[in-house]
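I opened this model to look up a helix, the residues ahead of it and the pocket beside them. My entries follow in the order of the look-ups.

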Amino acid sequence: MFNYTETEQQVAEFLLQIKAIKLQPNNPFTWASGWRSPIYCDNRITLSHPSIRTYIRQKLSALIQEEFGAVGCIAGVATAGIPQGALVAQELGLPFVYVRAKAKEHGRGNLIEGDVLTGKRVVVIEDLISTGKSSLQAVEALREAEYDVAGLAAIFSYGFDVATENFKEARCPFFTLSNYSALLKYAEEHQYILPADVEVLKQWRTSPDTWGQ
């Protein structure tokens with residue numbers, strides 16, 4: 001049986017409590033990718049709740065120190081990773097930059113915004129990991145700018161196998177405060193979902209690209 005850590009449980013509780021995560025197995029959402037999904041996650045909502053925002057900032061900062069040791073910079077991924085990354089950089093007293101989804105089409109045409117610190121050992125901050133594609137685009141941009149990317153930290157992961165493979169292929173370790181397995185366990189234990197919904201939600205994670213078709 002899956003057992004979650006105290007942090008995994010607490011973050012799952014917060015995200016459900018403030019409706020940053022919504023579970024609707026009988027009324028699925030449609031993502032921008034076209035995937036149908038029984039879950040929708042918007043971790044930007046955490047920024048509106050000071051105590052939760054503080055908890056996440058402190059836990060991400062502690063995770064970075066524990067898993068990556070000494071780093072010289074924090075980088076946020078546009079857009080939702082920017083405020084989370086800035087909060088973590090402030091907590092750790094480190095420089096902060098952020099990576100755009102694509103280079104600006106005017107001005108200096110920057111892809112990385114901030115005082116670019118070549119050679120610095122950097123940890124990338126995301127709010128959410130799905131397939132990992134956009135996160136790893138940011139990692140690649142930082143590497144091309146001659147940063148030493150130690151890895152990535154995020155609030156939540158759906159736990160897709162494809163994400164694990166993508167990060168492994170990119171040689172980029174990643175860690176999250178909570179995850180889909182912890183969320184389902186907490187949601188079932190505290191009646192956010194019915195026991196009958198659990199299997200449906202597990203099936204979605206196994207085949208998210210074809211689920212509901």
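Entry 1, the helix. The model is predicted, and I began by checking the length of α4. With twelve residues at 1.5 Å a residue, α4 should span 16 Å; I found its end C-alpha atoms 17 Å apart, which agrees. I then looked up burial along α4 and noted S135, L136, A138, V139, A141 and L142 as buried. I recalled that an α-helix has 3.6 residues a turn, so residues three or four places apart point the same way. Next I asked what covers the buried residues of α4. The cover includes the strands β5 (73–77), β6 (96–99), β7 (112–113), β8 and β9 (148–157), together with the helix α5 (161–169). After α4 comes E146, for which I noted a positive phi, near 70°.

Entry 2, the loop ahead of the helix. I located S130 in the loop between β8 (121–129) and α4 (133–144). Is S130 buried, partly exposed or exposed? Its relative accessibility is 25%, so I entered S130 as partly exposed, since buried would require under 20%. Setting aside neighbours within four places in sequence, I found S130 in contact with Y158, F160 and A163.

Entry 3, a residue of the strand. L128 belongs to strand β8. I entered L128 as buried because its relative accessibility is 18%. Beyond residues up to four places away in sequence, L128 touches C41, N43, A154, F156 and Y158.

Entry 4, the core. I looked up which members of the largest nonpolar core touch the most other members; of its 69 residues, these are F156 and Y158. I then listed the contacts of Y158, leaving out neighbours within four places in sequence: W31, I39, C41, L128, I129, S130, Y180, W204 and R205.

Entry 5, the pocket. I recorded about 710 Å³ of space in the largest pocket. Its lining has 26 residues, of which C41, D127, L128, S130 and S134 are the closest to the centre. The elements giving two or more residues to this lining are β4 (39–41), β8 and α4.

Entry 6, the record. In an unreviewed entry, UniProt lists as "binding site" R100, K104, H106, E126, D127, L128, I129, S130, T131, G132, K133 and S134. Which of these residues are in the lining of the largest pocket? I found that the lining includes E126, D127, L128, I129, S130, T131, G132, K133 and S134.

Note on methods:
Residues numbered from 1 in each chain as written. Predicted model: local features only at pLDDT ≥ 70, side-chain atom pairs only at ≥ 80, totals over all residues. Heavy atoms only, no water. Helix = DSSP H or I, 4+ residues; strand = E, 2+ residues; numbered from the N terminus. Buried < 20%, exposed > 50% of the residue type's maximum accessible area, 1.4 Å probe, protein only. Contact = heavy atoms within 4.5 Å. Expected span 1.5 Å × (residues − 1). Core = buried A, V, L, I, M, F, W, Y, C linked by side-chain atoms within 4.5 Å. 1 Å grid on protein atoms, 1.4 Å probe; cavity = no way out; pocket = protein on both sides within 12 Å on 5 of 7 lines; lining within 4 Å. Points joined across faces, edges and corners; volume = space filled by probe spheres on them. UniProt positions renumbered as here; feature names shortened; annotations may be inferred.
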